Amino acid sequence: ERIAPPELRDQEEGLDMDAAILCQSYYRILRLANNLSDAALLDQPIRAKLRNDDIVGFCRDTLRQARLPAELLGLALEFRCAKSSHIIAMDRERLKRLLLNLLSNAFKFTPKGGRILLEVRVEAQQVALLLSDTGCGIAPELLETVFDRYLHTDRVDPPPHGLGLGLPICRRIVQEHGGSLLLTSQPGEG
């Protein structure tokens, strides 16, 4: 905010883009450092520290924290849930890592003017977190292997690309919570 104060963004052409690039770079570095620190844990026993907490409020707050980088990138964030709160056993730190990794992927592959939606569905004894975007999507031949770390050494367009650790870490966090991570995608549809 010191480099690109909000009150000056309307007055100085290009300041919004500079702020967006700075925020995006910061979050990429932070995500990279976090993913590298978690990479060694992929083969370790489950380590989630479950505590009763409100998943709806948690998701709403996490999405609120991502709003500024999304706005600077020209992306619209939306949150949906039919309930105002719902208590589950969860590890806040691990679930925050999950959501930030998934949001980072959505930011990376959704063009300016796109939309990202986080929805929390509570059904019977299950909670589903659904994250969708209007990004470039994933080719059908890559869907089977997208969770295999280090497998994608020859990344396909569009850049930028990561280390291939984010989705395996996300899958691990979901498994630590007794769930499963599913991916559906169509090229050009997010």
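This is a short tutorial dialogue on reading the features of a predicted model.

User: Let's get oriented. How many helices and strands does the protein chain have?

Analyst: Keep in mind that we're looking at a predicted model. The protein chain has seven helices and five strands. Reading from the N terminus, the elements go α-α-β-α-α-β-β-α-β-β-α-α. Of the 190 residues in the chain, 36% are buried.

User: And what share of the contacts between residues at least 6 apart in sequence join residues at least 24 apart?

Analyst: That share is 73% in this protein chain. One pair to look at in space is Pro-45 and Glu-176: they sit 131 residues apart in sequence, yet their C-alpha atoms are 9.1 Å apart.

User: Where is Pro-45, and is it buried or exposed?

Analyst: You'll find Pro-45 in the loop between helix H2 (15–39) and strand S1 (51–54). Its relative accessible area is 61%, so Pro-45 is exposed.

User: On to sheets. In what order do the strands of the open sheet come?

Analyst: The general idea is that strands of a sheet pair through backbone hydrogen bonds, either parallel or antiparallel. Here, three strands make an open sheet, ordered S2-S4-S5, with mixed pairing. S2 (76–81) and S5 (126–133) are the edge strands with a single partner strand each, so each has one side without a neighbour in the sheet. From one strand to the next, the twist averages 10°.

User: How many bridges join S2 to S4?

Analyst: Six, and those two strands run parallel. For a landmark, find Phe-79, which stands opposite Leu-118 in S4.

User: What about S1 and S3: parallel or antiparallel?

Analyst: Antiparallel, with four bridges between them. Asp-53 has Ile-88 in S3 as its bridge partner.

User: Which side chains of S3 point to which face?

Analyst: In a regular strand the side chains alternate between the two faces of the sheet. Strand S3 (residues 87–90) follows that: Ile-88 and Met-90 are buried and point to one face, while Ile-87 and Ala-89 point to the other face and are not buried.

User: Back to S4. Is Glu-119 buried or exposed?

Analyst: Glu-119 lies in strand S4, which covers residues 115–123. The cut-off for buried is under 20% relative accessible area, and Glu-119 counts as buried at 17%. Its side chain makes a polar contact of 3.1 Å with the side chain of Arg-121. Beyond its neighbours within four places in sequence, Glu-119 touches Arg-80, Ala-128, Leu-129 and Leu-130.

User: What is the phi of Ala-124?

Analyst: Most residues other than glycine have a negative phi. Ala-124 has a positive one, near 50°. This residue lies in the loop between S4 and S5, and at 77% relative accessibility it counts as exposed.

User: Which helix lies across S2, S4 and S5?

Analyst: Helix H3 (residues 55–65) does, at about 175° to S2. Its buried residues are Ile-55, Val-56, Gly-57, Phe-58, Cys-59, Thr-62 and Leu-63. At the start of H3, look for Asp-54: one of its side-chain oxygens comes within 3.1 Å of the backbone nitrogen of Val-56.

User: How do I read the packing of H5 and H7: at what angle do the axes cross?

Analyst: Two packed helices are described by the angle between their axes and the distance between the axes. For H5 (residues 92–109) and H7 (residues 166–176), the axes cross at roughly 145° and come within 9 Å. The crossing is left-handed. On the H5 side, the contact residues include Arg-94, Leu-98 and Asn-105; on the H7 side, they include Leu-167, Ile-173 and Glu-176. By type, the residues of this contact divide into eight nonpolar, three polar and four charged.

User: How many of the residues of H7 are buried?

Analyst: Nine of 11, so H7 is largely enclosed by the rest of the structure. Among them are Pro-168, Cys-170 and Val-174, along with Arg-172 and Glu-176. After H7 comes Gly-178, which has a positive phi near 80°.

How values were computed. Residues are numbered from 1 along each chain as its sequence is written. This is a predicted model: local features need pLDDT of at least 70, side-chain atom pairs count only at pLDDT 80 or more; totals for chains, interfaces and linings use all residues. Side-chain values use heavy atoms; hydrogens and water are left out. Buried means under 20% relative accessible area, exposed over 50%, partly exposed in between (1.4 Å probe, protein chains only). A polar contact is a pair of N or O atoms within 3.5 Å; within protein, one must be able to donate a hydrogen and the other to accept it, and residues adjacent in sequence count only if both atoms are side-chain atoms. Contact means heavy atoms within 4.5 Å. Two strands pair if DSSP finds at least two bridges between them. Axes are lines fitted to C-alpha atoms, for helices over the stretch in contact, and angles run from 0 to 180 degrees between N-to-C directions. A crossing is left-handed if the near helix is turned anticlockwise from the far one by less than a right angle, and right-handed if clockwise. Ala, Val, Leu, Ile, Met, Phe, Trp, Tyr, Cys and Pro count as nonpolar, Asp, Glu, Lys and Arg as charged, and the others, Gly among them, as polar.
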